[in-house]
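Welcome! Please have a look at the structure below, and then let us walk through it piece by piece.

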Amino acid sequence: HWVGSDGCIRQANQAELDLLGYTREEYIGRRIADFHVDKEAIDDILARLSRSEALDKYSARLRAKDGSIKQVLISSNVQFAEGRFIHTRCFTLDITSRVAAEHARRESEERLDLAIRARGLGIFDWHIPSGRLVWTEQEERLFGLEPGTFEGEISGWASRVLPEDLERMQAAMSAAMTAGQREMDFEFRIRR
């Protein structure tokens, strides 16, 4: 879309109209600030553009006709003629779905973390080719270690498994990996 120096929308393509759900008549000629959720954001955008600053992926929230909020990234600059502000050229990228997915992922991680803490579960990541292990703080506590002190190697885990269980565990893990199992469920004893 294009916005004039008075803050009113001069032109908009169909993609912009479709994004927000307005007809051309409902959108063109109105102040762009009418569609922004956050007054501070649009004030900042217009001030920057008035100073001839270009915007690259400026995060903003726009209100659609149906009342929904669209999370967008705005890239814009101003066309000047003889030092006079003619209009902006704005490109709006809808990232609403991406932001919602990120929010849902964070909430899911928070719920998982809460469940893990409540149940006293330890979690680790094992990069098999290198033998590197990353343990959560709870995993370290289960093994009697202070958080942040695990060596990060499979050998550090092996040194804590009771010797009479270690060979059986290593054979079972090897068989599971050879078979391409996606999940492994084992019991073993450790020395804390």
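## Two unusual loop residues

Glu82 sits in the loop that runs between β4 and β5. Its phi is near 50°, a positive value in a residue other than glycine. Keep in mind as you look around that this is a predicted model.

Another residue of this kind is Ser52, which is not a glycine yet has a positive phi of about 70°. You will find Ser52 in the loop between α3 and β3.

## The three-stranded sheet

The strands on either side of Glu82's loop belong to an open sheet of 3 strands, in the order β3-β4-β5 and with antiparallel pairing. Why does one side of β3 and of β5 lack a neighbour in the sheet? Strands β3 (55-63) and β5 (84-94) stand at the edges and each has a single partner strand, so one side of each is left free of a neighbour there. From one strand to the next, the twist averages 40°.

Let us look at one of these pairings. Strand β4 covers residues 69-81, and 7 bridges join it to β3, the two running antiparallel. Along this pairing, Ser59 stands opposite Leu73 of β4, and Ala60 has Val72 in β4 as its bridge partner. The hairpin of β3 and β4 has 5 residues between the strands, and in this hairpin Gly67 takes a positive phi near 90°.

## Helices across the sheet

Which helices lie across these strands? Helix α3, made of residues 39-50, lies across β3, β4 and β5 and runs at about 145° to β3. Helix α4, made of residues 96-119, lies across β4 and β5, and its angle to β4 is about 140°.

Helix α3 also holds a charged pair. Arg48 forms a salt bridge with Asp44, and their closest N and O atoms are 3.1 Å apart. Both residues lie in α3, 4 residues apart, which is about one turn of the helix. Side chains of opposite charge can pair when their charged atoms come close. The structure as a whole holds 16 salt bridges.

## The cavity

How many cavities of 30 Å³ or more does the structure hold? There is 1, and the largest cavity has about 70 Å³ of space. Helix α3 appears again here: it gives the most to the lining of the largest cavity, with 4 residues. Both α3 and β5 supply at least two residues each to that lining.

Among the lining residues are His1, Val3, Ile32, His36, Ile74, Thr88 and Cys90. Sorted by class, the lining of the largest cavity has 8 nonpolar and 3 polar residues, with no charged ones.

## The largest pocket

Now turn to the largest pocket, where about 330 Å³ of space lies. Of the 16 residues that line the largest pocket, Phe124, Trp126, Met173, Met184 and Phe186 are the closest to its centre. The elements giving two or more residues to this lining are β6 (124-127), β7 (132-135), α6 (154-158) and α7 (163-178).

What classes of residue make up the lining of the largest pocket? It has 12 nonpolar and 4 charged residues, and no polar ones.

Conventions. Residues numbered from 1 in each chain as written. Predicted model: local features only at pLDDT ≥ 70, side-chain atom pairs only at ≥ 80, totals over all residues. Heavy atoms only, no water. Pairing = 2+ DSSP bridges. Axes fitted to C-alpha atoms, helices over the stretch in contact; angles between N-to-C directions. Contact = heavy atoms within 4.5 Å. 1 Å grid on protein atoms, 1.4 Å probe; cavity = no way out; pocket = protein on both sides within 12 Å on 5 of 7 lines; lining within 4 Å. Points joined across faces, edges and corners; volume = space filled by probe spheres on them. Nonpolar A, V, L, I, M, F, W, Y, C, P; charged D, E, K, R; others polar. Salt bridge = Lys/Arg side-chain N within 4 Å of Asp/Glu carboxyl O.
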